[in-house]
Amino acid sequence: MMDELNYPDLPNDLESFWMPFTSNKDYKSSPRLLASARDMHYMTPGGRKILDGTAGLWCCNAGHGRTRIAEAIKAQADKMDFAPTFQLGHPAPFELAKRLADLAPGDLDHVFFTNSGSESADTALKIALAYHNVRGKGSKFRLIGRERGYHGVNFGGTSVGGIVKNRQFYGSLIAGVDHIRHTHDHEHQAWTKGEPEWGAHLADDLERLVALHDASTIAAVIVEPVAGSTGVLVPPKGYLKRLREICDRHDILLIFDEVITGFGRLGASFASEHFDVMPDMMTTAKGLTNATVPMGAVICSKKVHDAFMAGSSAGIELFHGYTYSGHPLAAAAGIATLDLYREEGLFERARDLAGYWQDALWSLEGGHHVIDLRNIGIMAGIELEPRPGQPTARAMETFHKCFDDGVLIRVTGDTIALSPPLIAEHSHVDQIFETIGSTLKTIA
Ligand SMILES: Cc1ncc(COP(=O)(O)O)c(C=O)c1O
């Protein structure tokens, strides 16, 4: 739908912006623009309302245009735009860190700030390597990721990630990385509501790598509790607990990448709380500030943090940090966002909505082209049969048509991945699945 193209506020040159993870040629020949956003909706420049089925990019958990957050950012900008956090400080990141430590389960209570999920992943991997070093176990240098994992696009995250297209153009990436197998198995798990019964034993693949490399060389394993970007792959029952046990057995740190699953997506503060499995570190970003100001955080256990305080000699304990680690505007946005989550009970709201969400998703069972449905919390994956010889084309066409019909969905490969803001009402949930269902009927 091209109403956007006739609107006077349109940029008259689309050429200069090299768009990320986008077919620039396709997009620029048929651009789809968003001009403003409030609560559950985007508006196009032409004034069309688009229901947000994806919380932006898995990140606007409290919905759009939240005045409380905008005011906090403005107040902080008026008071102090920037202050370094190297050898200096200002109150906001200390307060936000304390709030995150209180929110995170168990003894995950020390927070290292970054600016994105990618930086959080690389920060956690570096902390893991340094952790073993400061304990005198520098031989533990290997990092283990998982097939079909996504940990952002920096070198560490790309290396432990398991998406071929994200890796294949970048040479050898970082050394000393290996991958356990992914948890998805269509034959044993298709059409499961929530966590599949089959597959806890897949965690034992880590034992295979221990046998191959020896535990004395392995520093850490990083996984998404629920793999989001490769199509909402819900972990099999007992899988994460088993992974934890194997890590404990071999003194391997377990890192949960909670960039998507954090901040209420599963109806709990974090997936680690939902699954009752405690990692040694959690990476976060996105919902931390409701996506208003870029910010990420690595939340570390006392064990990890204290090893640095005990282990290193006087001076800087960790040679790592970003100019904007704990940026005042981001920290102010984060504090206001956590206030909103708590005061509006949004994590509990997500928990209450999960049943309705699941039922609405499952109305697509037997629908055109649908070969699997997956869900947990307020996340859903709808896997489509790929068009013969044209992988991803059917999903991409569905994305375009749904947008034209007023619903923003996300597609990854041939899977539609959904994650609306946690303020969604039943009527929004209905509209999302009705639009997808009717769109799929019109697609070849
Ligand atoms: C699990 C996970 N980790 C890391 C990232 C990277 O985050 P960013 O795009 O903020 O760098 C993402 C982004 O979707 C993600 O889903």
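## Worked exercises on H15, the core, the domains and the ligand

**Exercise 1.** Determine which strands and which helix the buried residues of H15 pack against.

*Solution.* The buried residues of H15 pack against strand S3 (49-52), S12, strand S13 (407-408), strand S14 (410-412), S15 and helix H16 (426-442). The model is a predicted one, in which local features need pLDDT of at least 70 and side-chain atom pairs count only at pLDDT 80 or more, while totals for chains, interfaces and linings use all residues. Residues are numbered from 1 along each chain as its sequence is written.

Helices (H or I, at least four residues) and strands (E, at least two) are DSSP runs, numbered from the N terminus. A residue is buried if 20 or more other C-beta atoms, placed from the backbone, lie within 10 Å of its own, exposed if 12 or fewer do, and partly exposed in between. In H15 the buried residues are Arg394, Ala395, Thr398, Cys402 and Phe403. As a check on the helix itself, its 12 residues (393-404) should span 16 Å at 1.5 Å a residue, and the end C-alpha atoms are 17 Å apart, which agrees; the expected span is 1.5 Å times one less than the number of residues. After H15 comes Gly406, which has a positive phi near 95 degrees.

**Exercise 2.** Work out where the largest nonpolar core lies with respect to domain 1 and domain 2.

*Solution.* A nonpolar core is a set of buried Ala, Val, Leu, Ile, Met, Phe, Trp, Tyr and Cys residues joined through C-beta atoms within 7 Å. The largest one has 120 residues, and Ala220, Val221, Leu243, Leu253, Ile255, Met281 and Ile299 have the most contacts inside it. Helix H13 (residues 328-343) supplies the largest share, nine residues. Because domain 1 (3-62 + 345-442) and domain 2 (68-343) both give residues to this core, it lies between them; the bounds come from an automatic or database domain assignment.

Val221 can be followed further, with contact taken as C-beta atoms, placed from the backbone, within 7 Å. Leaving out residues up to four places away in sequence, Val221 touches Ile144, Leu206, Leu243, Cys247, Ile252, Leu254 and Ile255.

**Exercise 3.** Find how many residues of each domain are in contact with the other, and which element of domain 1 gives the most to the side that touches domain 2.

*Solution.* In domain 1, 29 residues are in contact with 29 residues of domain 2. Helix H2 (55-58), helix H14 (346-362), strand S11 (370-376), strand S12 (379-384) and strand S15 (415-418) each supply at least two residues of the domain 1 side, and H14 gives the most, with six residues. By class, this side has 15 nonpolar, 10 polar and four charged residues, where Ala, Val, Leu, Ile, Met, Phe, Trp, Tyr, Cys and Pro count as nonpolar, Asp, Glu, Lys and Arg as charged, and the others, Gly among them, as polar. The centres of the two domains, taken over C-alpha atoms, are separated by 26 Å.

**Exercise 4.** Describe which residues surround the ligand, and from which helix the most of them come.

*Solution.* A residue is near a molecule if its C-beta atom, placed from the backbone, lies within 6 Å of it. The ligand is surrounded by 14 residues, of which the closest are Ser116, Gly117, Ser118, Gly152 and Val259. Helix H5 (residues 117-134) gives the most to this shell, with three residues. Sorted by class, the shell holds five nonpolar, seven polar and two charged residues.

Terms used: Contact = placed C-beta atoms within 7 Å.
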